Structure formats: structure tokens, C-alpha cells
Amino acid sequence: MRPDGTRVKNASAIVSALPYIMPRRYDAHDYITEYAEMEPMRRYIQSKRREGVRISYMALILAAYFKAYQQNPKINRFIMNSKIYQRNHFCVSFVILKTRADGTPDETSVKIFFEDGDDVISINRKIEDAVALNQKKEHNNNTDRFANFMFSLPVLPTLLVGLVKLLDRLGLLPRFVIDLSPFHTSLFITNLASINTEAIYHHCYEFGTTGVFVCMGKPVPNFLTGEYNKKIMPLGIVMDERICTGHEYALFWQTLRRYLKHPELTENGAEERAEMPEAAEA
């Protein structure tokens, strides 16, 4: 048994066979573009700001994703050594820009863990805390320190990466290494909208256990409905098709669309105060 997941033994025959037919993650990439309406998210963000709470678009999208995952937990599976595992936690990795002590720009990977009781408010706080800590010039997170050590000697990276891959395949990789690695994650997300860049399809890394990669692109006029005075945000999504069936993926994305259209429901208790909108409204 792996420290980060439990072997799935009751999957259908075809789902169980896919990791053997497509043993590499890059063989199993599926691509889709979802579009998030900006107006419902903007209204919600403004309403929270009037209450003194600043919510980011990324926090809102992650909260919608997390809520949708809780109703469709198979999206949090991963493949390792041609076997399917259900992850025993939920985490998100993303890259942030920081400035080194000498003033030069740099990037660092951040990984945050969500708990069952989290909602958009607590998720937004976790993102803000992680970004604030990791943007400090003098701060190197554990992932940075591990990478600096690993690349300090010419031969060390090849040996260590090879050892990590071997232990990962055997299910013997220690949990503390998995927690350090941004590539062992439920979801990897990048916010290209923050640098005014269009959405791309970013591969799920072969190293690690990333099953879904979401890229937020800069908003564009709503060409879907012809309401060009309104905007939509493209989400470039790459998925590992082996972790669940197409039907299960479809249910997940349908649920995610509902939360993005009604972002107030990403708050705890909101669904008890108002009925979930019908699928026809999504």
C-alpha cells in the first residue's frame, strides 16, 4: 500500500486494462477547453469585497473544482506502475513568481492541501498565506531546498531522480518526499490570465502522479452566445484518461460548471440554504 493512496481493485475490466495498454501518462492525454462565465464570478467577488473579504478568481475556480471533486471522487485517482490508486488526500500545485535577494525574478512551486471542511473562504486564505510566504526574498520552501541540494553535484540529480522514480513505482517512496514534490498532486493549475496570456494545454507530468492540469487563460468576449459585451475565461484542461471513464469525467465537469455559474455555492452551508440549480441551467 502506498502512503498517498489505496489500490483500486473494483474498477471495470476496460478501465483496469487501460494503464497496461497505455503505460505512459503522455499516451493517455485528453484535451478539453471549458469556459467560465466571468460575470457570475465577478459579481460574487464584488459582493464578498463589500463584506471585507478579497477572493481571487483562482481561489474561486479551485473551490469549484474541490466541491465538484467531493461529489465525484474518482477524479482524484492516479496511475502508478500500471495500477490505479485512489489518492487519500487532496492537494493542488501551482507556480508563483518571486524575486530573489539580488532582485532577479524567479519561480517557485507551491503545494497546498485541502481538507473536507474547506470552502472558497478557507481555500482563498490558504492560497494567500502560501503566496505571501513563498514570495519573501529570503524564503526558500522545502521543495526549493530539496531541489538546490539535488542539483548541487553533477551526478546527484540523475541518481536521485532515478531512485525516486524506482521507489515511486514500487510504492516505497516516503510520504515526506511525496509531500515535497509538486508533481505528486491531485491537480496542477497555472494562472496565465494573471500575465495576460491565452490558455494553453499543459501536459500532465510523467514524473509523479498529476492526473489533471488546468490552465486559466485571459478572458475573451463571449463568442459562445454572441454576447460580446460579456466575457468568458478559457480553461485549457489536460486529463489522464486512464483514471476514470468518460462518463465519470463528464459528470465531474458538469458539476464544476454548475459551481462556476453559481459561485456562491462554493461557501460552506450554501447548498443547505438554496437548492442546487438543475443541470439544464448549467
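Guide: Accessible areas here come from the Shrake-Rupley method with a 1.4 Å probe. Keep in mind that this is a predicted model.

Visitor: How much area does the protein chain expose, and what share of it do carbon and sulfur atoms supply?
Guide: Let's start with the whole surface. The protein chain exposes about 14300 Å². Of that area, the part supplied by carbon and sulfur atoms is 55%.

Visitor: And what percentage of its residues is buried?
Guide: A residue counts as buried when its relative accessible area is under 20%. The protein chain has 282 residues, and the buried ones make up 46%.

Visitor: How many helices and strands does the chain have?
Guide: Both kinds of element turn up in this chain, helices and strands. The count is nine helices and 10 strands.

Visitor: How do helices H2 and H3 sit relative to each other: roughly parallel or roughly perpendicular?
Guide: H2 covers residues 38-50 and H3 covers residues 57-71, with their axes 11 Å apart. The packing angle is about 110°. Angles of 65 to 115 degrees fall in one class, so H2 and H3 are roughly perpendicular.

Visitor: Which residues of H3 meet H2 there?
Guide: On the H2 side, you'll find Met-38, Met-41, Arg-42, Tyr-44 and Ile-45. Their partners in H3 are Tyr-57, Leu-60 and Ile-61.

Visitor: Is Met-233 buried or exposed?
Guide: Met-233 sits in strand S10. Leaving aside neighbours within four places in sequence, Met-233 is in contact with several residues, including Met-38, Ile-61, Ala-193 and Met-216. Its relative accessible area is 3%, and the cut-off is under 20%, so Met-233 is buried.

Visitor: What distance separates the C-alpha atoms of Met-233 and Pro-221?
Guide: Along the chain, Met-233 and Pro-221 are 12 residues apart. In space, their C-alpha atoms are separated by 8.8 Å.

Visitor: Which residues make the nonpolar surface patch of about 440 Å²?
Guide: Take Phe-223, found in the loop between strand S9 (220-222) and strand S10 (227-240). Phe-223 counts as partly exposed because its relative accessibility is 43%. Patch members need over 30%. The full patch is made by Tyr-35, Phe-223, Leu-224 and Tyr-228.

Visitor: Now the charges. In the salt bridge between Lys-48 and Glu-51, which residue is buried?
Guide: The two side chains meet at 2.8 Å, N to O. Glu-51 has a relative accessible area of 54%, so Glu-51 is exposed. At 7% relative accessibility, the buried one is Lys-48.

Visitor: How many residues apart are Glu-248 and Lys-74?
Guide: Their side chains meet in a salt bridge of 2.6 Å, N to O. The pair links distant parts of the chain, with Glu-248 in helix H8 (residues 246-261) and Lys-74 in the loop between H3 and strand S3 (77-80). Glu-248 is partly exposed at 21%, and Lys-74 is partly exposed at 32%. Along the chain, their separation is 174 residues.

Visitor: Which residue forms a salt bridge with Lys-230?
Guide: Lys-230 is partly exposed, with a relative accessible area of 35%. Its partner also counts as partly exposed, at 34% relative accessibility. The closest N and O atoms are 3.5 Å apart, and that partner is Glu-227.

Visitor: Which residues do shared salt-bridge partners join into one network?
Guide: Side chains of opposite charge can pair when their charged atoms come close. Here salt bridges that share partners join one arginine and two aspartates: Arg-2, Asp-4 and Asp-168.

Visitor: How many salt bridges does the structure hold?
Guide: The Lys-48 and Glu-51 pair is a salt bridge, as is the Glu-248 and Lys-74 pair. For the structure, the total is 14.

Definitions and conventions
Residues are numbered from 1 along each chain as its sequence is written. This is a predicted model: local features need pLDDT of at least 70, side-chain atom pairs count only at pLDDT 80 or more; totals for chains, interfaces and linings use all residues. Side-chain values use heavy atoms; hydrogens and water are left out. Patches are made of residues with over 30% relative accessible area and no salt bridge: like charges are joined within 9 Å, nonpolar side chains (Val, Leu, Ile, Met, Phe, Trp, Tyr) within 5 Å. A salt bridge is a side-chain nitrogen of Lys or Arg within 4 Å of a carboxyl oxygen of Asp or Glu. Helices (H or I, at least four residues) and strands (E, at least two) are DSSP runs, numbered from the N terminus. Buried means under 20% relative accessible area, exposed over 50%, partly exposed in between (1.4 Å probe, protein chains only). Contact means heavy atoms within 4.5 Å. Axes are lines fitted to C-alpha atoms, for helices over the stretch in contact, and angles run from 0 to 180 degrees between N-to-C directions. Angles under 35 degrees count as roughly parallel, over 145 as roughly antiparallel, 65 to 115 as roughly perpendicular and the rest as oblique.
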